[in-house]
Amino acid sequence: MKLLLENWRNYVLFENIEKSNTLSIFDFDETIAFSHTPTGVLDKVTGETFEITTQEELDDLMKDSDRYEFDFSTLDVVTNAVENVPITKILRNRVTDSNTAVLVLTARKSVAEDDIHRVLDSFGIDTNDLYIVGLEGAPKGDFVVQQIIQKYPNITKIEFYDDSLINISSMQSAKQKSQLDDFEIYHVEDGAPKLVS
């Protein structure tokens, strides 16, 4: 039953993607919006607990994931989201392009997808023709290869916007596996996109 529901979710999720040749992928936190939601951290060696608020801090601590345990439960709800205008300007442009499918790919759990819809609506972004997927921290590159590139050969161009260097690295691996000639990866740093590859 679970597999049947997952297959149905994937079908509904990407039901119109075969009409596009370009896929634009946007991270949510610190890319589309700034929310400054804290992540709880437990240092398993010292027993100390503390909170972090930036992607850089998280990326740094995740390099030693055996030492640290993370509590992402605060990310189930989007609070105090502030629009990142340089990125939402690009997002608005892509949403209106009939040859482009738009995907918001977040490390948040799927339970946050409705909140992300609400936030995008509050920014005046048309969410009817975009997809939102919560990966619960799974590698974004693997998802793009397995759920998009391998299933939709009509996608010949991909652009990816994210603030996390871990996600950038994951997407660079996806780019190599895909062998797509037109695959642009942008690191969103201080709110502005910078082409990586």
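Start with the lining of the largest pocket in this predicted model. Sorted by class, that lining holds nine nonpolar, 12 polar and 11 charged residues. The pocket encloses about 610 Å³ of space. To find its centre, select Gln 55, Leu 58, Phe 72, Leu 75 and Ala 107, the closest to that point among the 32 lining residues. Two elements, α2 (55-62) and α6 (165-178), each give two or more residues to the lining. Of these, colour α2 before moving on: its four residues are the largest share of the lining from any element. As background, empty space shows up when a probe the size of a water molecule is rolled over the atoms.

**Next stop: helix α6**

Select Asn 167, which sits in α6. Is Asn 167 buried or exposed? Its relative accessibility is 14%, so Asn 167 counts as buried, the cut-off for buried being under 20%. Now show what surrounds this residue. Setting aside neighbours within four places in sequence, Asn 167 is in contact with Lys 140, Phe 160 and Asp 162.

**Next stop: helix α5**

One of those contacts, Lys 140, leads to helix α5, which covers residues 140-149. How many of the 10 residues of α5 are buried? Eight are, and the helix is mostly covered. Select them as a group: Lys 140, Gly 141, Phe 143, Val 144, Val 145, Gln 147, Ile 148 and Ile 149. Lys 140 therefore appears twice on this route, as a buried residue of α5 and as a contact of Asn 167, where burial is judged by a relative accessible area under 20%.

**Last stops: two loops with positive phi**

Most residues other than glycine have a negative phi. The next two selections have a positive one.

Go first to the loop between β1 (22-26) and β2 (33-34), and pick Glu 30 there. Glu 30 is not a glycine, yet its phi is positive, about 65 degrees. Glu 30 counts as buried because its relative accessibility is 18%, and the limit is under 20%.

Then move to the loop between β10 (182-189) and β11 (192-195), where Asp 190 is found. What is the phi of Asp 190? The angle is near 55 degrees, again a positive value in a residue other than glycine. With 81% relative accessibility, Asp 190 counts as exposed, since exposed means over 50%. The tour thus ends with one loop residue that is buried, Glu 30, and one that is exposed, Asp 190.

Terms used: Residues are numbered from 1 along each chain as its sequence is written. This is a predicted model: local features need pLDDT of at least 70, side-chain atom pairs count only at pLDDT 80 or more; totals for chains, interfaces and linings use all residues. Side-chain values use heavy atoms; hydrogens and water are left out. On a 1 Å grid over the protein atoms alone, a cavity is a set of points where a 1.4 Å probe fits but cannot get out, and a pocket is an open set with protein on both sides within 12 Å along at least five of seven lines; lining residues have an atom within 4 Å of a point. Grid points are joined across faces, edges and corners, and a volume is the space filled by probe spheres set on the points. Ala, Val, Leu, Ile, Met, Phe, Trp, Tyr, Cys and Pro count as nonpolar, Asp, Glu, Lys and Arg as charged, and the others, Gly among them, as polar. Buried means under 20% relative accessible area, exposed over 50%, partly exposed in between (1.4 Å probe, protein chains only). Contact means heavy atoms within 4.5 Å.
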